[in-house]
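Please open the model in your viewer and keep the selection tool at hand. The stops below can be followed one after another, each with something to select and something to look for.

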Amino acid sequence: MNNIDLRSDTVTRPTSAMREVMATAEVGDDVFGDDPSVLRLQEASAALLGKEAALFVPSGTMANQVALRTHTEPGDEVVLEATSHIYLYEAGGYAALSGISAWCVQGDRGLLTAEQVSGAIRPEGGLSHFPNTSLVCLENSANRGGGTVYSVDRLAQIEGVVRAHGLRFHLDGARVFNAAVAQDVDVATLAAPFDSISFCLSKGLGCPVGSVLVGSRAFIDRAHRFRKMLGGGMRQAGILAAAGLHALENHVARLAEDHRRARRIAEELSDVPGVDVDLSSVQTNMVYIDVTATGLAASHFVSSLAEQGVHLTAVSPTALRAVTHLDVDDAAIEAMLAAFSVAAEAA
Ligand SMILES: Cc1ncc(COP(=O)(O)O)c(C=O)c1O
């Protein structure tokens with residue numbers, strides 16, 4: 001029986017090489033600031049993204065929430081894309097933990113333009129009625145957009161708007177390495193326009209736990225306090241940081257394989273009668289699959305595939321998502337496509 005899990009790139013299990021570096025990691029007490037592996041991960045992350053400093057945190061959600069809290073004051077407003085993770089999937093943390101409001105703009109496949117960002121910024125000076133726009137956040141790659149990516153040019157245009165208004169600029173870069181590999185650009189180039197970037201070790205990079213927040217030294221010093229406030233201070237976290245260092249050295253370039261496999265799924269499934277995949281949105285490791293025209297519900301595909309040992313998520317009553325990652329190879333893709341054809345036969 002197959003066991004092919006394409007629900008998310010978060011389902012990966014640490015490789016034996018990763019477990020080995022975790023087992024032998026040098027550790028200390030990171031709340032005292034003396035875990036050498038955490039310090040190494042933070043230094044490597046800052047260097048890789050071209051920023052002064054970094055902070056290791058347990059999750060992507062915490063990295064984003066610490067960033068929001070560090071950049072804003074209660075009563076401020078953040079500009080977000082309407083399907084962004086920060087808006088949709090972080091339990092309203094922006095409101096509860098930072099006391100800020102959100103102006104959400106519907107982008108095109110998760111991506112905003114400079115004009116859209118400009119239109120969402122509150123008028124400056126004078127009117128005490130408005131919240132104070134202080135922060136703009138983007139997501140790259142954009143998960144609900146289909147894993148779509150911001151180009152360097154688009155980021156420069158948006159940065160121009162952000163700087164013209166004296167705002168702060170944060171990137172939810174949970175999958176920024178996918179965005180960099182897909183466009184064959186240095187991740188530091190994608191990070192350059194931003195004041196802060198969060199990225200996840202526990203997604204495409206294949207670690208069991210962990211995210212990193214990077215920015216200026218002053219930003220990270222302030223963020224450190226909010227990580228503590230949110231309960232994110234960890235002790236012998238070097239065991240996890242060692243996995244992160246291993247992933248940064250060994251699991252970045254191979255993301256291209258995940259992208260190639262996602263493309264293959266997308267192209268082959270678009271030939272299945274009644275199945276619709278927007279090929280232009282398949283830019284990294286995600287495939288959103290619309291099954292409306294098959295006349296079958298997404299839940300039918302989820303259960304039929306599960307019976308064949310293949311796991312996908314339904315993202316709406318008529319759409320599914322498949323995500324490629326470290327634990328799926330070409331044979332798994334082959335088996336997934338065969339299982340999908342069987343599921344579609346019920347149409
Ligand atoms: C774009 C994006 N940002 C942030 C997160 C949050 O990461 P975590 O699950 O580690 O909190 C996710 C998780 O799926 C994500 O897709």
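**Where the domains meet**

Begin at the interface of domain 1 and domain 2, across which the rule finds one salt bridge. This is a predicted model, so please read each contact as part of a prediction. To see that bridge, select arginine 109 and aspartate 278 and show their side chains, which meet with 3.5 Å from N to O.

Next, colour the two parts of the protein chain separately, taking residues 16–250 as domain 1 and residues 254–344 as domain 2. If you place a marker at the centre of each domain, taken over C-alpha atoms, the two markers will stand 29 Å apart.

Now select the residues that touch across the boundary: on one side there are 19 residues of domain 1, and they are in contact with 15 residues of domain 2. Together the two domains bury about 1,400 Å² between them, and carbon and sulfur atoms give 53% of that area. Within domain 1, highlight Arg109, Gly146 and Asn178, since these three supply 31% of the area that domain 1 buries against domain 2, more than any other three residues. If you then display polar contacts between domain 1 and domain 2, the count to look for is seven residue pairs, with both residues at pLDDT 80 or more.

**An enclosed space**

For the last stop, turn to the interior, where the structure holds one cavity of 30 Å³ or more. Which residues line the largest cavity? Select Ala174, Arg175, Phe177, Asn178, Cys200, Lys203, Gly204, Leu205 and Leu255, and the lining will be in view. The space that lies inside is about 30 Å³. Colouring the lining by residue type divides it into five nonpolar, two polar and two charged residues. Asn178, which you highlighted at the domain boundary, appears again in this lining.

Conventions: Residues are numbered from 1 along each chain as its sequence is written. This is a predicted model: local features need pLDDT of at least 70, side-chain atom pairs count only at pLDDT 80 or more; totals for chains, interfaces and linings use all residues. Side-chain values use heavy atoms; hydrogens and water are left out. On a 1 Å grid over the protein atoms alone, a cavity is a set of points where a 1.4 Å probe fits but cannot get out, and a pocket is an open set with protein on both sides within 12 Å along at least five of seven lines; lining residues have an atom within 4 Å of a point. Grid points are joined across faces, edges and corners, and a volume is the space filled by probe spheres set on the points. Ala, Val, Leu, Ile, Met, Phe, Trp, Tyr, Cys and Pro count as nonpolar, Asp, Glu, Lys and Arg as charged, and the others, Gly among them, as polar. Domain bounds come from an automatic or database domain assignment. Contact means heavy atoms within 4.5 Å. Buried area is the accessible area (1.4 Å probe) that two parts lose on being put together, summed over both. A salt bridge is a side-chain nitrogen of Lys or Arg within 4 Å of a carboxyl oxygen of Asp or Glu. A polar contact is a pair of N or O atoms within 3.5 Å; within protein, one must be able to donate a hydrogen and the other to accept it, and residues adjacent in sequence count only if both atoms are side-chain atoms.
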